[in-house]
Amino acid sequence: MRENINEKCAVVGIFGHEEASKLAYFSLHSLQHRGQEAAGISSSDGTKLHTIKDRGLVMRVFNEEKLATLSGSSAVGHTRYSTAGDDSILDAQPVFARYDLGEMAIVHNGNLTNAEVVRSKLIEQGAIFQTFMDTENLIHLIAKSQQEKLQDRIIDAVQKIEGAFSLVFLSRTKMFAMRDRHGFRPLSLGRLSNGGYIVASETCAFDLVGAKYIRDVEPGELLVFEEGKAPQSVKVFEATPKHCIFEYVYFARPDSHVFGQSVYQTRKNMGKELAKMSPVEADVVIPVPDGGVPAAIGYSQESGIPYEMGIMRNHYVGRTFIEPTQEMRDLKVKMKLSPMEEIIKGKRVVVVDDSIVRGTTSRRIIRMLKEAGASEVHMRVSSPPTTDPCFYGVDTPTKEKLIAANMTVDEICKYIEADSLGYLDEAALLKSVNATDDNENYCTACFTGKYIV
Ligand code: SF4
(Lines give C-alpha, C1' and ligand atoms only; values in the text may rest on other atoms or scores of the structure.)
Protein backbone atom coordinates (compact mmCIF):
# COMPACT_ATOMS: atom_id res chain seq x y z
CA MET A 1 0.00 0.00 0.00
CA ARG A 2 1.60 3.21 -1.13
CA GLU A 3 2.45 5.95 1.31
CA ASN A 4 3.38 9.12 -0.51
CA ILE A 5 4.95 8.01 -3.75
CA ASN A 6 2.53 8.80 -6.49
CA GLU A 7 2.65 8.47 -10.20
CA LYS A 8 2.27 11.78 -11.83
CA CYS A 9 0.00 11.59 -14.85
CA ALA A 10 -1.22 9.62 -17.82
CA VAL A 11 -1.59 10.81 -21.40
CA VAL A 12 -3.51 9.43 -24.35
CA GLY A 13 -3.99 10.50 -27.97
CA ILE A 14 -6.47 9.13 -30.52
CA PHE A 15 -6.17 9.93 -34.22
CA GLY A 16 -8.49 8.87 -37.05
CA HIS A 17 -11.59 7.55 -35.30
CA GLU A 18 -15.05 9.11 -35.45
CA GLU A 19 -15.55 8.48 -31.73
CA ALA A 20 -12.13 9.73 -30.70
CA SER A 21 -13.23 11.37 -27.45
CA LYS A 22 -15.06 8.21 -26.31
CA LEU A 23 -11.97 6.12 -26.97
CA ALA A 24 -9.88 8.69 -25.08
CA TYR A 25 -12.38 8.44 -22.20
CA PHE A 26 -12.16 4.65 -22.01
CA SER A 27 -8.37 4.81 -22.28
CA LEU A 28 -8.23 7.27 -19.39
CA HIS A 29 -10.27 4.81 -17.33
CA SER A 30 -7.54 2.22 -17.78
CA LEU A 31 -4.95 4.80 -16.83
CA GLN A 32 -6.77 6.13 -13.78
CA HIS A 33 -4.15 4.61 -11.43
CA ARG A 34 -1.64 7.17 -12.75
CA GLY A 35 -3.59 10.16 -11.46
CA GLN A 36 -6.86 10.68 -9.62
CA GLU A 37 -6.98 14.41 -9.01
CA ALA A 38 -8.19 15.69 -12.35
CA ALA A 39 -9.04 14.50 -15.84
CA GLY A 40 -9.56 16.17 -19.19
CA ILE A 41 -10.03 15.62 -22.92
CA SER A 42 -9.62 17.94 -25.92
CA SER A 43 -10.98 16.89 -29.30
CA SER A 44 -10.72 18.37 -32.77
CA ASP A 45 -13.49 18.37 -35.38
CA GLY A 46 -11.10 19.72 -38.02
CA THR A 47 -12.08 23.35 -37.58
CA LYS A 48 -12.15 23.82 -33.83
CA LEU A 49 -10.86 22.25 -30.61
CA HIS A 50 -13.27 21.37 -27.79
CA THR A 51 -12.04 20.86 -24.22
CA ILE A 52 -13.56 19.57 -20.99
CA LYS A 53 -11.51 19.16 -17.84
CA ASP A 54 -12.25 19.14 -14.15
CA ARG A 55 -11.09 17.89 -10.81
CA GLY A 56 -11.93 14.32 -9.87
CA LEU A 57 -11.95 10.85 -11.34
CA VAL A 58 -12.53 10.25 -15.07
CA MET A 59 -15.97 8.83 -14.32
CA ARG A 60 -16.96 11.94 -12.38
CA VAL A 61 -15.63 14.46 -14.91
CA PHE A 62 -17.35 12.97 -17.99
CA ASN A 63 -20.78 11.67 -18.90
CA GLU A 64 -22.52 10.81 -22.16
CA GLU A 65 -23.72 14.37 -22.66
CA LYS A 66 -20.32 15.95 -22.15
CA LEU A 67 -18.58 13.43 -24.38
CA ALA A 68 -21.08 14.24 -27.13
CA THR A 69 -19.82 17.83 -27.17
CA LEU A 70 -16.24 16.61 -27.72
CA SER A 71 -16.78 15.95 -31.39
CA GLY A 72 -14.21 15.08 -34.03
CA SER A 73 -11.91 12.28 -35.12
CA SER A 74 -8.92 13.15 -32.96
CA ALA A 75 -8.57 13.68 -29.23
CA VAL A 76 -5.99 13.93 -26.46
CA GLY A 77 -6.64 13.10 -22.79
CA HIS A 78 -4.98 13.37 -19.42
CA THR A 79 -5.36 12.19 -15.85
CA ARG A 80 -3.47 14.18 -13.31
CA TYR A 81 -1.78 13.71 -10.02
CA SER A 82 -0.36 17.11 -9.21
CA THR A 83 3.41 17.22 -9.63
CA ALA A 84 4.63 20.61 -10.82
CA GLY A 85 1.92 23.17 -10.19
CA ASP A 86 -0.86 22.76 -7.67
CA ASP A 87 -4.09 20.85 -7.62
CA SER A 88 -6.50 23.58 -8.73
CA ILE A 89 -8.73 23.18 -11.79
CA LEU A 90 -6.45 25.64 -13.61
CA ASP A 91 -3.71 23.05 -13.40
CA ALA A 92 -5.79 20.27 -14.94
CA GLN A 93 -4.86 19.28 -18.49
CA PRO A 94 -5.13 19.42 -21.52
CA VAL A 95 -3.55 22.86 -21.62
CA PHE A 96 -5.40 24.73 -24.37
CA ALA A 97 -4.25 27.86 -26.21
CA ARG A 98 -5.07 30.03 -29.21
CA TYR A 99 -2.06 31.47 -30.98
CA ASP A 100 -1.11 32.86 -34.39
CA LEU A 101 -1.30 29.46 -36.14
CA GLY A 102 -4.69 28.55 -34.66
CA GLU A 103 -5.49 26.37 -31.63
CA MET A 104 -3.64 23.66 -29.79
CA ALA A 105 -3.99 21.41 -26.77
CA ILE A 106 -1.14 19.73 -24.93
CA VAL A 107 -1.03 16.84 -22.46
CA HIS A 108 2.15 16.08 -20.53
CA ASN A 109 3.46 13.29 -18.34
CA GLY A 110 6.73 14.08 -16.58
CA ASN A 111 8.48 17.03 -15.02
CA LEU A 112 10.63 19.69 -16.63
CA THR A 113 13.79 20.20 -14.61
CA ASN A 114 14.60 23.66 -16.00
CA ALA A 115 11.02 24.92 -15.80
CA GLU A 116 11.78 27.80 -13.40
CA VAL A 117 14.65 29.15 -15.51
CA VAL A 118 12.60 28.98 -18.72
CA ARG A 119 9.59 30.55 -17.04
CA SER A 120 11.61 33.45 -15.58
CA LYS A 121 13.06 34.21 -19.00
CA LEU A 122 9.62 34.11 -20.60
CA ILE A 123 8.21 36.43 -17.92
CA GLU A 124 11.11 38.84 -18.46
CA GLN A 125 10.14 38.85 -22.14
CA GLY A 126 6.57 39.78 -21.28
CA ALA A 127 4.77 36.42 -21.06
CA ILE A 128 1.84 36.14 -18.65
CA PHE A 129 1.19 32.76 -17.04
CA GLN A 130 -2.19 31.51 -15.89
CA THR A 131 -1.01 28.42 -14.01
CA PHE A 132 1.96 27.05 -12.10
CA MET A 133 2.31 24.13 -14.51
CA ASP A 134 5.64 23.56 -16.23
CA THR A 135 3.62 22.45 -19.28
CA GLU A 136 2.45 26.04 -19.82
CA ASN A 137 6.07 26.95 -20.69
CA LEU A 138 5.66 24.90 -23.85
CA ILE A 139 2.66 26.90 -25.00
CA HIS A 140 4.68 30.11 -24.74
CA LEU A 141 7.76 28.63 -26.40
CA ILE A 142 5.63 27.37 -29.31
CA ALA A 143 3.76 30.68 -29.63
CA LYS A 144 7.02 32.65 -29.64
CA SER A 145 8.87 30.44 -32.12
CA GLN A 146 9.65 32.03 -35.48
CA GLN A 147 9.07 28.76 -37.38
CA GLU A 148 6.18 28.68 -39.84
CA LYS A 149 4.78 25.21 -39.12
CA LEU A 150 3.60 23.82 -35.78
CA GLN A 151 5.79 20.75 -36.22
CA ASP A 152 8.91 22.93 -36.45
CA ARG A 153 7.75 25.09 -33.57
CA ILE A 154 7.37 21.98 -31.38
CA ILE A 155 10.90 20.93 -32.30
CA ASP A 156 12.10 24.44 -31.50
CA ALA A 157 10.32 24.44 -28.14
CA VAL A 158 11.48 21.01 -26.93
CA GLN A 159 15.11 22.01 -27.60
CA LYS A 160 14.69 24.59 -24.84
CA ILE A 161 13.29 22.30 -22.17
CA GLU A 162 15.00 19.65 -20.06
CA GLY A 163 13.81 16.80 -17.92
CA ALA A 164 11.11 14.21 -18.38
CA PHE A 165 8.36 14.61 -20.94
CA SER A 166 6.01 12.29 -22.74
CA LEU A 167 3.82 14.76 -24.63
CA VAL A 168 0.86 14.65 -26.99
CA PHE A 169 -0.11 17.78 -28.94
CA LEU A 170 -3.36 18.26 -30.81
CA SER A 171 -3.98 20.90 -33.48
CA ARG A 172 -7.08 21.23 -35.65
CA THR A 173 -5.76 18.78 -38.24
CA LYS A 174 -2.74 16.98 -36.76
CA MET A 175 -1.56 15.17 -33.67
CA PHE A 176 2.04 14.94 -32.42
CA ALA A 177 3.56 12.58 -29.84
CA MET A 178 7.02 13.19 -28.37
CA ARG A 179 9.30 11.67 -25.72
CA ASP A 180 12.37 13.26 -24.14
CA ARG A 181 15.77 11.90 -25.15
CA HIS A 182 15.97 9.65 -22.07
CA GLY A 183 12.45 8.28 -22.36
CA PHE A 184 11.94 8.53 -18.59
CA ARG A 185 8.19 8.12 -18.86
CA PRO A 186 6.59 5.50 -21.10
CA LEU A 187 4.59 6.20 -24.27
CA SER A 188 3.42 3.50 -26.66
CA LEU A 189 1.92 3.54 -30.15
CA GLY A 190 -0.96 1.29 -31.19
CA ARG A 191 -3.34 0.74 -34.09
CA LEU A 192 -7.11 0.99 -33.68
CA SER A 193 -9.29 -1.64 -35.32
CA ASN A 194 -10.58 0.92 -37.90
CA GLY A 195 -7.01 1.76 -38.98
CA GLY A 196 -6.65 4.86 -36.81
CA TYR A 197 -3.91 5.30 -34.18
CA ILE A 198 -3.59 5.55 -30.43
CA VAL A 199 -0.71 6.65 -28.22
CA ALA A 200 -0.91 6.07 -24.47
CA SER A 201 1.22 5.99 -21.34
CA GLU A 202 0.54 2.28 -20.89
CA THR A 203 -0.65 -0.52 -23.13
CA CYS A 204 -3.48 -1.47 -20.74
CA ALA A 205 -5.33 1.40 -22.48
CA PHE A 206 -4.94 -0.43 -25.83
CA ASP A 207 -6.49 -3.62 -24.50
CA LEU A 208 -9.67 -1.86 -23.39
CA VAL A 209 -10.30 -0.14 -26.75
CA GLY A 210 -9.25 -3.15 -28.85
CA ALA A 211 -6.06 -1.55 -30.22
CA LYS A 212 -2.94 -3.49 -31.18
CA TYR A 213 0.46 -2.48 -29.84
CA ILE A 214 2.84 -1.44 -32.63
CA ARG A 215 5.89 -0.13 -30.76
CA ASP A 216 7.03 2.43 -28.20
CA VAL A 217 7.51 6.03 -29.24
CA GLU A 218 11.31 6.12 -29.12
CA PRO A 219 13.20 8.40 -26.72
CA GLY A 220 13.92 11.64 -28.59
CA GLU A 221 11.37 10.84 -31.31
CA LEU A 222 8.53 13.03 -32.56
CA LEU A 223 5.66 11.20 -34.25
CA VAL A 224 3.46 13.22 -36.59
CA PHE A 225 -0.10 12.06 -37.32
CA GLU A 226 -1.77 13.45 -40.41
CA GLU A 227 -4.95 12.32 -42.17
CA GLY A 228 -4.43 9.69 -44.85
CA LYS A 229 -0.78 9.10 -43.94
CA ALA A 230 1.12 6.65 -41.76
CA PRO A 231 2.68 8.34 -38.70
CA GLN A 232 5.83 10.13 -39.71
CA SER A 233 8.86 9.75 -37.44
CA VAL A 234 11.22 12.67 -36.81
CA LYS A 235 14.34 12.11 -34.73
CA VAL A 236 14.64 15.28 -32.67
CA PHE A 237 17.26 14.07 -30.16
CA GLU A 238 19.81 11.28 -30.13
CA ALA A 239 18.22 8.63 -27.88
CA THR A 240 20.00 8.00 -24.56
CA PRO A 241 17.43 5.82 -22.77
CA LYS A 242 17.02 6.12 -19.01
CA HIS A 243 13.64 4.56 -18.42
CA CYS A 244 12.11 4.98 -14.98
CA ILE A 245 12.65 1.62 -13.27
CA PHE A 246 9.96 2.50 -10.72
CA GLU A 247 7.38 1.97 -13.48
CA TYR A 248 8.21 -1.73 -13.13
CA VAL A 249 8.47 -1.68 -9.34
CA TYR A 250 5.20 0.01 -8.62
CA PHE A 251 3.61 2.57 -10.97
CA ALA A 252 2.47 0.77 -14.10
CA ARG A 253 -0.48 -1.61 -14.11
CA PRO A 254 0.67 -5.25 -14.04
CA ASP A 255 -1.26 -6.03 -17.23
CA SER A 256 0.67 -3.34 -19.14
CA HIS A 257 3.82 -3.69 -21.18
CA VAL A 258 6.07 -0.70 -20.63
CA PHE A 259 9.48 -0.12 -22.22
CA GLY A 260 8.78 -3.28 -24.21
CA GLN A 261 8.32 -5.70 -21.29
CA SER A 262 5.51 -7.20 -19.24
CA VAL A 263 5.19 -5.36 -15.95
CA TYR A 264 3.74 -8.44 -14.24
CA GLN A 265 6.65 -10.62 -15.32
CA THR A 266 9.32 -8.15 -14.17
CA ARG A 267 7.58 -7.86 -10.78
CA LYS A 268 7.50 -11.63 -10.43
CA ASN A 269 11.21 -11.72 -11.30
CA MET A 270 11.85 -9.20 -8.52
CA GLY A 271 10.12 -11.54 -6.05
CA LYS A 272 12.23 -14.48 -7.23
CA GLU A 273 15.45 -12.49 -6.89
CA LEU A 274 14.34 -11.32 -3.47
CA ALA A 275 13.82 -14.93 -2.34
CA LYS A 276 17.36 -15.77 -3.47
CA MET A 277 18.88 -12.69 -1.80
CA SER A 278 16.88 -12.71 1.37
CA PRO A 279 15.63 -16.20 2.25
CA VAL A 280 13.86 -16.93 5.53
CA GLU A 281 12.24 -19.95 7.15
CA ALA A 282 8.53 -19.26 7.19
CA ASP A 283 5.10 -20.88 6.80
CA VAL A 284 3.38 -18.49 4.43
CA VAL A 285 4.14 -15.68 1.94
CA ILE A 286 1.58 -12.88 1.74
CA PRO A 287 1.56 -9.67 -0.33
CA VAL A 288 0.69 -6.17 0.75
CA PRO A 289 -2.08 -5.64 -1.83
CA ASP A 290 -2.11 -4.63 -4.58
CA GLY A 291 1.48 -3.58 -5.28
CA GLY A 292 3.17 -6.54 -3.60
CA VAL A 293 1.13 -9.29 -5.30
CA PRO A 294 3.30 -10.32 -8.31
CA ALA A 295 6.54 -10.10 -6.27
CA ALA A 296 5.01 -12.22 -3.48
CA ILE A 297 4.01 -14.84 -6.07
CA GLY A 298 7.62 -14.81 -7.36
CA TYR A 299 8.98 -15.09 -3.81
CA SER A 300 6.70 -18.04 -3.09
CA GLN A 301 7.58 -19.85 -6.33
CA GLU A 302 11.31 -19.46 -5.75
CA SER A 303 11.29 -20.30 -2.03
CA GLY A 304 8.62 -23.02 -2.11
CA ILE A 305 6.79 -21.31 0.78
CA PRO A 306 3.02 -21.32 0.09
CA TYR A 307 1.44 -18.10 -1.16
CA GLU A 308 -1.79 -16.85 0.42
CA MET A 309 -3.83 -13.67 0.32
CA GLY A 310 -3.27 -12.90 4.01
CA ILE A 311 -4.42 -9.29 3.75
CA MET A 312 -7.62 -8.16 2.04
CA ARG A 313 -7.83 -4.71 0.50
CA ASN A 314 -10.98 -2.64 0.51
CA HIS A 315 -11.01 -0.96 -2.91
CA TYR A 316 -13.84 1.40 -2.02
CA VAL A 317 -12.04 3.57 0.49
CA GLY A 318 -11.47 7.00 -0.96
CA ARG A 319 -9.92 9.91 0.83
CA THR A 320 -10.93 10.13 4.44
CA PHE A 321 -11.29 13.41 6.25
CA ILE A 322 -10.30 12.12 9.63
CA GLU A 323 -8.24 13.71 12.34
CA PRO A 324 -4.54 13.09 11.95
CA THR A 325 -4.13 11.55 15.39
CA GLN A 326 -2.15 8.35 15.86
CA GLU A 327 -5.26 6.32 16.63
CA MET A 328 -7.11 7.64 13.60
CA ARG A 329 -4.18 6.96 11.28
CA ASP A 330 -4.13 3.34 12.45
CA LEU A 331 -7.84 3.15 11.75
CA LYS A 332 -7.28 4.53 8.25
CA VAL A 333 -4.89 1.69 7.40
CA LYS A 334 -7.38 -0.81 8.82
CA MET A 335 -10.13 0.66 6.64
CA LYS A 336 -8.01 -0.17 3.60
CA LEU A 337 -6.36 -3.40 4.65
CA SER A 338 -7.67 -6.19 6.86
CA PRO A 339 -5.75 -9.28 7.97
CA MET A 340 -7.13 -12.80 7.35
CA GLU A 341 -6.77 -14.32 10.80
CA GLU A 342 -7.25 -17.92 9.64
CA ILE A 343 -4.25 -17.59 7.32
CA ILE A 344 -1.97 -15.69 9.66
CA LYS A 345 -2.65 -16.97 13.20
CA GLY A 346 0.28 -18.87 14.70
CA LYS A 347 2.26 -18.64 11.42
CA ARG A 348 5.70 -17.33 10.54
CA VAL A 349 4.72 -14.82 7.86
CA VAL A 350 6.78 -13.31 5.01
CA VAL A 351 5.04 -10.11 3.94
CA VAL A 352 6.12 -8.68 0.58
CA ASP A 353 5.70 -5.04 -0.47
CA ASP A 354 7.11 -3.12 -3.44
CA SER A 355 8.81 -0.35 -1.42
CA ILE A 356 9.00 1.39 1.95
CA VAL A 357 8.73 5.16 1.83
CA ARG A 358 8.27 6.65 5.30
CA GLY A 359 7.95 3.36 7.14
CA THR A 360 4.82 4.31 9.03
CA THR A 361 2.46 2.22 6.88
CA SER A 362 4.77 -0.82 7.02
CA ARG A 363 4.83 -0.55 10.80
CA ARG A 364 1.05 -0.41 10.99
CA ILE A 365 0.73 -3.42 8.69
CA ILE A 366 3.21 -5.44 10.77
CA ARG A 367 1.43 -4.50 14.01
CA MET A 368 -1.85 -5.51 12.39
CA LEU A 369 -0.44 -8.92 11.39
CA LYS A 370 0.91 -9.52 14.90
CA GLU A 371 -2.41 -8.53 16.43
CA ALA A 372 -4.01 -11.09 14.10
CA GLY A 373 -1.78 -13.75 15.67
CA ALA A 374 1.31 -14.02 13.41
CA SER A 375 4.14 -15.60 15.44
CA GLU A 376 6.82 -13.88 13.30
CA VAL A 377 6.61 -11.23 10.57
CA HIS A 378 9.46 -10.98 8.06
CA MET A 379 9.23 -7.98 5.75
CA ARG A 380 10.63 -8.33 2.22
CA VAL A 381 10.78 -5.41 -0.21
CA SER A 382 11.00 -5.94 -3.96
CA SER A 383 13.13 -2.84 -4.62
CA PRO A 384 16.24 -1.26 -3.05
CA PRO A 385 15.86 1.27 -0.19
CA THR A 386 14.25 4.48 -1.51
CA THR A 387 16.87 7.05 -0.48
CA ASP A 388 16.34 9.99 -2.85
CA PRO A 389 13.45 12.02 -4.26
CA CYS A 390 12.46 11.99 -7.93
CA PHE A 391 12.72 15.08 -10.13
CA TYR A 392 11.32 13.43 -13.25
CA GLY A 393 7.61 13.52 -12.68
CA VAL A 394 7.01 11.34 -9.64
CA ASP A 395 5.70 12.78 -6.42
CA THR A 396 8.05 11.66 -3.65
CA PRO A 397 8.60 13.04 -0.16
CA THR A 398 11.75 15.06 0.52
CA LYS A 399 14.93 13.23 1.54
CA GLU A 400 14.32 14.05 5.22
CA LYS A 401 11.08 12.10 5.11
CA LEU A 402 12.39 9.03 3.28
CA ILE A 403 13.15 6.51 6.02
CA ALA A 404 15.94 4.79 4.07
CA ALA A 405 17.77 8.10 3.65
CA ASN A 406 17.98 8.45 7.39
CA MET A 407 18.23 4.95 8.86
CA THR A 408 20.18 1.75 8.21
CA VAL A 409 18.31 -1.40 7.21
CA ASP A 410 18.66 -2.72 10.80
CA GLU A 411 17.26 0.53 12.19
CA ILE A 412 14.34 0.42 9.74
CA CYS A 413 13.67 -3.19 10.74
CA LYS A 414 13.44 -2.13 14.39
CA TYR A 415 11.31 0.90 13.54
CA ILE A 416 8.75 -1.09 11.57
CA GLU A 417 8.81 -3.79 14.31
CA ALA A 418 9.59 -6.63 11.88
CA ASP A 419 11.40 -9.82 12.92
CA SER A 420 13.62 -9.38 9.87
CA LEU A 421 13.80 -7.06 6.86
CA GLY A 422 15.28 -7.71 3.42
CA TYR A 423 15.46 -5.45 0.36
CA LEU A 424 16.35 -6.23 -3.23
CA ASP A 425 19.66 -4.65 -4.25
CA GLU A 426 20.21 -2.57 -7.39
CA ALA A 427 21.94 -5.36 -9.33
CA ALA A 428 19.11 -7.81 -8.64
CA LEU A 429 16.53 -5.19 -9.58
CA LEU A 430 18.30 -4.58 -12.88
CA LYS A 431 18.52 -8.32 -13.48
CA SER A 432 14.76 -8.61 -12.86
CA VAL A 433 14.06 -6.13 -15.66
CA ASN A 434 16.59 -7.82 -17.97
CA ALA A 435 18.88 -4.78 -17.97
CA THR A 436 22.44 -4.98 -19.16
CA ASP A 437 25.10 -5.17 -16.43
CA ASP A 438 26.08 -1.53 -16.77
CA ASN A 439 22.51 -0.32 -16.36
CA GLU A 440 22.68 1.67 -19.54
CA ASN A 441 19.00 2.03 -20.09
CA TYR A 442 17.41 2.73 -16.70
CA CYS A 443 17.06 5.57 -14.26
CA THR A 444 17.51 4.29 -10.69
CA ALA A 445 18.12 7.69 -9.09
CA CYS A 446 15.60 7.29 -6.27
CA PHE A 447 17.63 4.29 -5.05
CA THR A 448 21.10 5.64 -5.81
CA GLY A 449 20.96 9.45 -5.91
CA LYS A 450 22.67 9.31 -9.33
CA TYR A 451 20.60 11.83 -11.27
CA ILE A 452 20.92 11.99 -15.02
CA VAL A 453 19.55 15.47 -15.66
S1 SF4 B 1 14.18 8.93 -9.81
FE2 SF4 B 1 13.10 6.98 -9.46
S3 SF4 B 1 10.92 7.44 -9.79
FE4 SF4 B 1 12.12 9.12 -10.70
S5 SF4 B 1 12.40 8.56 -12.85
FE6 SF4 B 1 14.19 7.81 -11.76
S7 SF4 B 1 13.65 5.70 -11.18
FE8 SF4 B 1 11.76 6.74 -11.73
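**Exercise 1. In which sense do β18 and strand β21 pair, and over how many bridges?** Work outwards from there to the whole sheet.

*Solution.* Keep in mind that this is a predicted model.

Step 1: Start with the two strands. β18 and β21 (residues 348-353) run in the parallel sense, and four bridges join them. For a landmark, find Val285, which has Val350 of β21 opposite.

Step 2: Add the other strands. The open sheet has four of them, ordered β18-β21-β22-β24, with parallel pairing. β18 (284-287) and β24 (420-423) sit at the edges, each pairing on one side only. On average, neighbouring strands are turned by 20° against each other, direction ignored.

Step 3: Put the helices on. Helix α9 (residues 263-277) packs on the sheet and touches β21, β22 (376-381) and β24. The direction of α9 makes about 125° with that of β24. Helix α15 (residues 409-416) lies across β22 and β24, at about 130° to β24.

**Exercise 2. Work out whether helix α10 is enclosed or open, and list what its buried residues pack against.**

*Solution.*

Step 1: Count. α10 covers residues 293-303, and eight of its 11 residues are buried, so the helix is largely enclosed by the rest of the structure.

Step 2: Name them. The buried residues are Val293, Pro294, Ala295, Ala296, Ile297, Gly298, Tyr299 and Ser300.

Step 3: Look at the partners. These buried residues pack against α9, β18, β21 and β22, which brings us back to the sheet of Exercise 1.

Step 4: Check what follows the helix. Gly304, just after α10, has a positive phi of about 80°.

**Exercise 3. Classify two aromatic pairs, Phe15 with Phe225 and Tyr250 with Phe251.**

*Solution.*

Step 1: Get the background. The whole structure holds 12 aromatic pairs.

Step 2: Take Phe15 and Phe225. Their rings are 6.1 Å apart centre to centre with 40° between the planes, a tilted pair. Phe15 belongs to strand β2 (residues 9-15) and Phe225 to strand β13 (residues 221-226), so to speak a link between distant parts of the chain, 210 residues apart. Both Phe15 and Phe225 are buried.

Step 3: Take Tyr250 and Phe251. The centres are 5.5 Å apart and the planes meet at 65°, so this pair is edge-to-face. The cut-off for edge-to-face is over 60 degrees. Tyr250 is partly exposed at 22% relative accessibility, while Phe251 is buried at 5%.

Step 4: Look for rings that join up. Phe184, Phe391, Tyr392 and Tyr451 are linked into a cluster by ring pairs.

Step 5: Look for charges over rings. Arg119 has its charged end over the ring of Phe129, 4.0 Å from the centre. Arg363 lies over the face of Tyr415, at 4.3 Å from the ring centre.

**Exercise 4. Is Glu103 buried or exposed, and what does its side chain reach?**

*Solution.*

Step 1: Place Glu103. You'll find Glu103 in strand β7 (residues 102-109).

Step 2: Judge the burial. Glu103 has 8% relative accessibility, so it counts as buried; the cut-off is under 20%.

Step 3: Trace the polar contacts. The Glu103 side chain reaches the backbone nitrogen of Leu49 at 2.8 Å. A second polar partner is Arg98, whose side chain meets that of Glu103 at 3.0 Å.

Step 4: Fill in the surroundings. Leaving aside neighbours within four places in sequence, the contacts of Glu103 include Lys48, Phe96, Ala97, Leu170, Ser171 and Arg172.

Conventions. Residues are numbered from 1 along each chain as its sequence is written. This is a predicted model: local features need pLDDT of at least 70, side-chain atom pairs count only at pLDDT 80 or more; totals for chains, interfaces and linings use all residues. Side-chain values use heavy atoms; hydrogens and water are left out. Two strands pair if DSSP finds at least two bridges between them. Axes are lines fitted to C-alpha atoms, for helices over the stretch in contact, and angles run from 0 to 180 degrees between N-to-C directions. Contact means heavy atoms within 4.5 Å. Rings of Phe, Tyr and Trp (its six-membered ring) pair if their centres lie within 6.5 Å; planes under 30 degrees apart count as stacked, over 60 as edge-to-face and the rest as tilted. Buried means under 20% relative accessible area, exposed over 50%, partly exposed in between (1.4 Å probe, protein chains only). A charge sits over a ring if NZ of Lys or CZ of Arg is within 6 Å of the ring centre and within 35 degrees of the ring normal. A polar contact is a pair of N or O atoms within 3.5 Å; within protein, one must be able to donate a hydrogen and the other to accept it, and residues adjacent in sequence count only if both atoms are side-chain atoms.
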